[in-house]
Amino acid sequence: MKSLILTILYLFKDTIYRWKERPASPLARIFVAFFLSLCALSFLANYVLQTKMIQTEIKKTGGDLILINDFTSETNPGYHNLISEIIPSIYDCTVYSFKNSPATAALVKGKSINILEYDIRTSGRLSDILPLKEHPKILITTKDTPAEIQPGPNEMEIAETTFDIYAMQAPEEGLLSKVLFSGGILIPLNSTDIVSNRDSWRYIIQVHEMTAENIRNITNTIANYIRLDNSIPFIQSSLSILKKMDLLLSNQAECRAGFSIGIAFIVGILLTALASMEFRQNEYVYTLMKSFGVRPIFLVLSFIAENIFLVGAAFVGAIYAFLELQTIVLGEFFKLKDATLTFNEIQSDMTLLGLSLLVCVLVSSIPIAFSAYRPIGKVLK
């Protein structure tokens, strides 16, 4: 154990001595790894950011929504329970259920507005976006709603019966604006005396994580029920767009992986050349150490540890520099103004680049291993 500790200390002192004698060697490794890693992170961030922007635009247009209109002529509690209760318990999503009112529209200040009755079982979910306790009957206005209808207390007329109603502006990029394009009136289920033998439900399923897989799983579950129940609902989703998005991401991932490996390969060539040169310059000393009982594996491990330390420090510095300067880098070089990424959003690319650099450090030690295990007699002759 004592000889092991002394060997490690000697190799550590030898490394520090070499750095002092030839500072260009460690500085070259640090700066090359730093700038190449910084360039790699900048290019990879450009891909990630553009993907993020496209996904945001898809989500703004309702890409995270599944719209279902059920035009069954008879009451179907099984189908209703499947979507309203079972689907949200299985998948990470929120379901909003609306019944198309028998009175297809109400008059508000002489303007005809569509009516939807919300299911009391989903009113708790609606309360997150609507003040239902204060105003059970709400008129949702959008930019396409007639200008005569202003936010605040109003009256609506259904079949010559007048009801108090409260009008409010829907957020421009909110859930209801994506669904009620020209506005609509939300009233509690069966809150009017108007009845109909025709049940027609509208469901809005908001997927919390907008991926093609999540939307496909939900639509497949509903489709399987449809085949068994002979229902005829109309299902609308962004599945086709998200499939194309997944294909784009798949192709992009291959390019990003290739770029990371290429950068690491360049760093690996530099490390191999410098490590081989330094080992040959000190080969006589290392051979004497082997003759005194020092195992060659320790010589190889010392070079691996040295390169891991230098390249690792450069890589961590490149990550820190990128996160601090990304607004300037992405804004000036890629013309993406006010664009930023969090550590988690680019973590996968950082991990791939870091692993590629680690592999190249290990590969660069192969020539050192061959030299370290050369017979002592061939070196000292």
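**Figure 1. The whole chain, seen from its surface inwards.** The protein chain exposes about 20,600 Å², and carbon and sulfur atoms supply 61% of that area. Keep in mind that this is a predicted model. Going by secondary structure, the protein chain has 12 helices and 9 strands. Of its 381 residues, 45% are buried. Take the contacts in the protein chain with a separation of 6 or more, and 81% of them turn out to link residues 24 or more positions apart. The views that follow pick out a few of these places.

**Figure 2. Helix H2 from end to end.** H2 covers residues 24-60, which makes 37 residues in a single helix. From its first C-alpha to its last, H2 reaches 53 Å, close to the 54 Å expected at 1.5 Å a residue. Look just past the end of H2 and you'll find glycine 62, which takes a positive phi of about 95°.

**Figure 3. Where H2 meets H10.** Helix H10 takes in residues 347-364, and its axis comes within 10 Å of the axis of H2. The two axes cross at roughly 150°, and the crossing is right-handed. On the H2 side, the contact is made by Ser37, Ala40, Leu41, Leu44 and Val48. H10 answers with Asp349, Met350, Leu353 and Leu357.

**Figure 4. Leucine 358, a residue of H10.** Leucine 358 also lies in helix H10. Is leucine 358 buried or partly exposed? It counts as partly exposed, because its relative accessibility is 37% and the partly exposed class runs between 20% and 50%. Alanine 264 is 94 residues away along the chain, yet the C-alpha atoms of alanine 264 and leucine 358 are separated by 8.4 Å.

**Figure 5. Glutamate 306 and its surroundings in H9.** Helix H9 spans residues 296-333, and glutamate 306 has its place there. This glutamate is buried, since its relative accessible area of 4% is under the 20% cut-off. What does glutamate 306 touch, not counting residues up to four places away in sequence? The list reads Thr15, Arg18, Trp19, Arg29 and Glu278. So the carboxylate-bearing residue here has two arginines, Arg18 and Arg29, among its contacts, along with another glutamate, Glu278.

**Figure 6. Arginine 216 in H6.** Helix H6 runs over residues 212-229 and holds arginine 216. At 30% relative accessibility, arginine 216 counts as partly exposed. Leave aside the neighbours within four places in sequence, and arginine 216 is in contact with Leu239 and Lys243. For a distance to check on screen, try serine 240: it sits 24 residues from arginine 216 in sequence and 9.7 Å from it in space, C-alpha to C-alpha.

**Figure 7. Leucine 248 in H7.** Helix H7 is made up of residues 239-281, with leucine 248 among them. Leucine 248 has a relative accessibility of 39%, which puts it in the partly exposed class. Pair it with threonine 51, 197 residues apart along the chain, and the C-alpha atoms are separated by 9.0 Å.

**Figure 8. Leucine 186 on strand S7.** Strand S7 consists of residues 184-188, and leucine 186 is one of them. Buried or exposed, which is it for leucine 186? The residue counts as buried, because 1% relative accessibility is under 20%. Setting aside residues up to four places away in sequence, leucine 186 touches Phe98, Leu116, Tyr118, Leu130, Pro136, Lys137, Ile138 and Ile140. Isoleucine 140 is also worth a distance label: it is 46 residues from leucine 186 along the chain, and their C-alpha atoms are separated by 7.5 Å.

**Figure 9. Two cysteines and the disulfide count.** Cysteine 255 is partly exposed, with a relative accessible area of 49%. Cysteine 360, on the other hand, is buried, with a relative accessible area of 15%. How many disulfides does the model have? The count comes to 0, and the rule behind it asks for a pair of cysteine sulfur atoms within 2.5 Å.

How values were computed: Residues numbered from 1 in each chain as written. Predicted model: local features only at pLDDT ≥ 70, side-chain atom pairs only at ≥ 80, totals over all residues. Heavy atoms only, no water. Helix = DSSP H or I, 4+ residues; strand = E, 2+ residues; numbered from the N terminus. Buried < 20%, exposed > 50% of the residue type's maximum accessible area, 1.4 Å probe, protein only. Contact = heavy atoms within 4.5 Å. Areas by Shrake-Rupley, 256 points an atom, 1.4 Å probe, with all protein chains shown as cover. Expected span 1.5 Å × (residues − 1). Axes fitted to C-alpha atoms, helices over the stretch in contact; angles between N-to-C directions. Left-handed = near helix turned anticlockwise from the far one by under 90°.
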